[in-house]
Amino acid sequence: MGGAEVLLTAAQARAQGVPLRMLTPEEARTLEAVGETLALGARQAGIAHFVDQQLALPPGYALLTIRISEVRPPYVDFYRAALGGIDRASQTLLGRKYVDLTDAEQRDFVTRLRQNKIESWQGPSQSFVYGTLRNDAIDVAYGTVEGFARLGVPYMAHILPERSW
C-alpha cells in the first residue's frame, strides 16, 4: 500500500478497501455473493481479496485449490470464465445478475450449479466451478484462527506444546 509492504489478512484488506489487482469490481462482487452462499462469513472474511491476492502470485505459490487441478495458469482466466458464466446464466434464467438475486434464489442457483442443471450455462464445468469456489469460500471463512473459533474448534497453537528448533 502506498509503496510500502503491509501484511493484512483478507478480512483486513477488504475492510480497508485495498484495491484489487486481478479481479474487476464486478467479478469481486459476484465472488463475494457466491462465496457467502457457499460459506456464511466468506464475504466479511475477504474472499475476493484472498482470491485476488493469490491470483497475483506466481502460480506455484498460490494457495488456491485450483492449483492442484488440471487447470493451467494463469488461474485468473478460470475465475473470469466461472464468474462471468454465473452472471450470464443468472441473467438468462432469472433476469438479474447473481448479486441481485434474493438469498433463496442464490441458494437455488448454487444447488443447480452443483448438480450441473443450468441448461444455459456457458463456462467451465458447473460442478468444477461449484467445487472450486466452495473450497475458496471455506478456506477464507473457516481456515483461520477466527474461523476455527466460530466453529468452536480450538486452534492448534493453544493445544500443542511450544517447539524449539
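## Exercises on Asp 136 and the aromatic pairs

The side chains of Asp 136 and Tyr 79 are joined by a polar contact of 2.6 Å, where a polar contact is a pair of N or O atoms within 3.5 Å, one able to donate a hydrogen and the other to accept it, and residues adjacent in sequence count only if both atoms are side-chain atoms. The model is predicted, so that local features need pLDDT of at least 70 and side-chain atom pairs pLDDT 80 or more, while totals for chains, interfaces and linings use all residues. Residues are numbered from 1 along each chain as its sequence is written, and side-chain values use heavy atoms, without hydrogens and water.

**Exercise 1.** Determine which residues are in contact with Asp 136, leaving aside neighbours within four places in sequence.

*Solution.* Begin with contact, which means heavy atoms within 4.5 Å. By that rule Asp 136 touches Ile 47, Val 51, Leu 64, Thr 65 and Tyr 79.

**Exercise 2.** Describe how the rings of Phe 78 and Tyr 79 are arranged.

*Solution.* First, rings of Phe, Tyr and Trp (its six-membered ring) pair if their centres lie within 6.5 Å, with planes under 30 degrees apart counted as stacked, over 60 as edge-to-face and the rest as tilted. The count by this rule is three aromatic pairs. Next, the centres of Phe 78 and Tyr 79 are 5.3 Å apart and their planes stand at 85 degrees, so the pair is edge-to-face. Finally, Phe 78, Tyr 79 and Phe 128 form one aromatic cluster.
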